[in-house]
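Thanks for passing this one along. Here are my notes, point by point, so you can follow them with the model open.

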Protein chains: 2
Amino acid sequence: MENLRELFQVMTRRFGFLNKNCCTTGGTEISLVQSHILYEIDHQHNPSMQQIADTLGIDITTFSRQVQSLVKMNLVKKTPDAEDRRIQILSLTTEGKYVATTIDEQMNLFLNDVFSHMNDFEKETVIRSIKLLNNAMAKSSMCCGNIQG
Amino acid sequence: MENLRELFQVMTRRFGFLNKNCCTTGGTEISLVQSHILYEIDHQHNPSMQQIADTLGIDITTFSRQVQSLVKMNLVKKTPDAEDRRIQILSLTTEGKYVATTIDEQMNLFLNDVFSHMNDFEKETVIRSIKLLNNAMAKSSMCCGNIQG
DNA sequence: TTTATTATTTGTAATTTGCAACTATATCAA
DNA sequence: TTGATATAGTTGCAAATTACAAATAATAAA
């Protein structure tokens, strides 16, 4: 049987390259980590700091500072939770939403370009496989069992 | 059609987690970037600094310092090229080879655990899909056209 | 031989990171 | 209630990582 790791090493590296390029939008330039943060805030429902930090596996202190930057850039807003005032609820500002959406479009553009090198059948197979893989990884205790998203 | 990016975002994040955990071997602890460097040195034939840096998309100055660290840790060796003395050929020391191999085994262990949640047919499908994906990404001008590996 | 070009290394400064310690709020237990 | 404990988040560091600019050293080209 072939070396599994090699396959995945190449794949993830290439996706890393993809991700690297797509975090600049008009005037705003953000880092890869920051784009992941925007993405998660956009996709979770009234998330707290801890929640997003856990999802992304980022140390909470690092995360705290990253969010501070994003707030300064006027992309993210922090709102104290009404019921538990220790908790800060994160949300995107209008500008933040715009940046997140633009990055999303950019990424989908890249991905569609990648998929344009396959026929419909292959494309379907690959998409189904990614889903299988995501489910399997979620089930694996060795990696992502406790992580949602 | 579903949102492609979401699928890949989740997948690459989970692989990121996988990668994060597997860079400690016995006494030696190295960073994620350093493990990628070891991997590439191990897989390329008599590679130069530039070659590996390009493959990994790391700035050459950053790379130079990372290699210095690895040399200090006695994991990597630099040998001046006989024909062009500007070039340094990189290779793994015995200890470096050991660390690289151990990480490789660790990763394959993780991956096998992930695949244990699938049946044989699914597994085959997924592996074939990753290959398709890697090829397609290699062809895409928008991402990885100029990158080997 | 002079003039590029290429490979790699340093100077320096900004950014990112994480551990430990701190503040503030909430919960639990008697 | 009150004290002890736990949780959410923020800072103080100090180390690691990064990248731009400039330097060095060797080769190639004119």
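**Notes on the two chains and the DNA**

1. Let's begin with DNA strand D. Of its atoms within 4 Å of the protein, 67% belong to sugar or phosphate, and the rest to bases. Keep in mind as you read that this is a predicted model.

2. Who sits around strand D? There are 22 residues around DNA strand D, and those that come nearest are M49(A), Q50(A), R65(A), K78(A) and T62(B). Sorted by class, this surface has three nonpolar, 10 polar and nine charged residues.

3. Now zoom in on some individual atom pairs. A polar backbone atom of Q50(A) is 2.7 Å from a phosphate oxygen of DNA strand D. From the other chain, the side chain of Q66(B) has an N or O atom 3.0 Å from a phosphate oxygen of DNA strand D. The bases get a visit too: a polar side-chain atom of T61(B) lies 3.2 Å from a base nitrogen of DNA strand D.

4. Which helices should you colour for this strand? Try α3 (49-56) and α4 (60-72) of chain A, plus α4 (60-72) of chain B: each supplies at least two residues of the surface near DNA strand D.

5. On to DNA strand C, which is surrounded by 22 residues, with R65(A), M49(B), Q50(B), R65(B) and K78(B) the closest. Of the strand C atoms that come within 4 Å of the protein, sugar and phosphate account for 58%. The residues here split into four nonpolar, nine polar and nine charged.

6. For strand C, have a look at K78(B): a polar atom of its side chain lies 2.2 Å from a phosphate oxygen of DNA strand C. T61(A) points to a base instead, with a polar side-chain atom 3.2 Å from a base nitrogen of DNA strand C. Two or more residues of this surface come from each of α4 of chain A, α3 (49-56) of chain B and α4 of chain B. The most come from α4(B), with five residues.

7. Finally, how do the two protein chains meet? 63 residues of chain B are in contact with 63 residues of chain A. Together the chains bury about 6500 Å², 65% of it on carbon and sulfur atoms.

8. There are also four salt bridges between chain B and chain A. One of them joins the side chains of R5(B) and D104(A), at 2.8 Å from N to O. On the side of chain B that touches chain A, α1(B) gives the most, with 16 residues. By class, that side has 31 nonpolar, 18 polar and 14 charged residues.

Notes:
Residues are numbered from 1 along each chain as its sequence is written. Chains are lettered from A and ligands numbered from 1 in the order in which they are written. This is a predicted model: local features need pLDDT of at least 70, side-chain atom pairs count only at pLDDT 80 or more; totals for chains, interfaces and linings use all residues. Side-chain values use heavy atoms; hydrogens and water are left out. A residue is near a molecule or strand if one of its heavy atoms lies within 4 Å of it. A polar contact is a pair of N or O atoms within 3.5 Å; within protein, one must be able to donate a hydrogen and the other to accept it, and residues adjacent in sequence count only if both atoms are side-chain atoms. Helices (H or I, at least four residues) and strands (E, at least two) are DSSP runs, numbered from the N terminus. Ala, Val, Leu, Ile, Met, Phe, Trp, Tyr, Cys and Pro count as nonpolar, Asp, Glu, Lys and Arg as charged, and the others, Gly among them, as polar. Contact means heavy atoms within 4.5 Å. Buried area is the accessible area (1.4 Å probe) that two parts lose on being put together, summed over both.
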